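Let's take a look at this one together, starting with the overall build and then going down to single side chains. Have the viewer open as you read.

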Amino acid sequence: MDRQSQAELLRRVAEAQDRAAFAELFRHFAPRVKGYMLRQGAAEDVAEELAQESLITLWHRAVTFDPAQASVATWIFTIARNKRIDRIRREKRPELDPDDPALQPDPEPSPDAALDQMQDEERLRSALADLPAEQKRLLELAFFQDISHRDIAAAENLPLGTVKSRIRLALARLKGRLESD
């Protein structure tokens, strides 16, 4: 089957969901895709499944085919390759172990660590209170409400550069204050 015939069959599938055209494409490409999967190291049953999945994808996504981008064969084999990669990724995902230390909650901090944290928080609150109101407001929006600088500029009706400058200045003042304490 030549490239022109393949493209015409795929066009018929895309435009009219022509089952006969799809059947011809399937008969032509299914064994080739399966052989490709076998050469890539897939087991016989997996190669068969991947070939079928690839051609089912062809059926569903025929309208997205662009002959200016690739030939029908290249497009189908790219779909097949991607299906194989997805299969490998799914198979390599480890099972979660509920006893894994990384999945356990952090232990409660020791009393002295908790006291240090409370003191640090109080120093930060005090330093924030000493900032000019416009700088404090912008820091709260950016860091406590997680709003982007661009969205802050729009909400506060300020130029983006002004927002960035005020935040940078506020952070510098905070850093200086916290380092001096």
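What follows is a short walk through the fold, its cores and two residues of one helix.

First, keep in mind that this is a predicted model. It's a helical protein: there are 8 helices and 0 strands, so the pattern along the sequence simply reads α-α-α-α-α-α-α-α. Don't expect a neat ball, though. The radius of gyration comes out at 30 Å, whereas the globule rule gives 16 Å for 181 residues, so the protein is more spread out than a compact globule. In terms of extent, the C-alpha trace covers about 80 × 50 × 25 Å along its principal axes.

How much of the chain is buried? Of the 181 residues, 27% are. On the outside, the protein exposes about 12500 Å², and 51% of that area comes from carbon and sulfur atoms. As for charge, there are 28 positive and 32 negative ones, and their mean positions sit 9 Å apart. Contacts that reach along the chain are well represented too: taking pairs at least 6 apart in sequence, 58% of the contacts join residues at least 24 apart.

Now for the inside. In soluble globular proteins, nonpolar side chains tend to be buried together. Here the largest nonpolar core has 25 residues, and L10 and L58 have the most contacts inside it. Four helices each supply at least two residues of this core:

| Helix | Residues |
|---|---|
| α1 | 3–16 |
| α2 | 19–39 |
| α3 | 44–61 |
| α4 | 72–92 |

Leaving out residues up to four places away in sequence, L58 touches L10, F22, L25, W75 and I76. Apart from the largest core lies another one, with 13 residues, including L131, I152, I167 and A170.

Which residues does F22 contact, beyond its neighbours within four places in sequence? They are V13, L55, L58 and W59. F22 is part of helix α2, and its relative accessible area is 17%; the cut-off for buried is under 20%, so F22 counts as buried. F22 and L9 are 13 residues apart in sequence, with 7.0 Å between their C-alpha atoms.

H28 is found in helix α2 as well. Is H28 buried or exposed? With a relative accessible area of 14%, H28 is buried. Setting aside its neighbours within four places in sequence, H28 is in contact with M1 and Q6.

Methods:
Residues are numbered from 1 along each chain as its sequence is written. This is a predicted model: local features need pLDDT of at least 70, side-chain atom pairs count only at pLDDT 80 or more; totals for chains, interfaces and linings use all residues. Side-chain values use heavy atoms; hydrogens and water are left out. A nonpolar core is a set of buried Ala, Val, Leu, Ile, Met, Phe, Trp, Tyr and Cys residues joined through side-chain atoms within 4.5 Å. Buried means under 20% relative accessible area, exposed over 50%, partly exposed in between (1.4 Å probe, protein chains only). Contact means heavy atoms within 4.5 Å. The radius of gyration is taken over C-alpha atoms; the globule rule is 2.2 Å times the number of residues to the power 0.38. Accessible areas come from the Shrake-Rupley method with a 1.4 Å probe; for residues, only the protein chains shown count as cover. Lys and Arg count as positive and Asp and Glu as negative; His and the chain ends are not counted. The place of a charge is taken as NZ of Lys, CZ of Arg, CG of Asp or CD of Glu.
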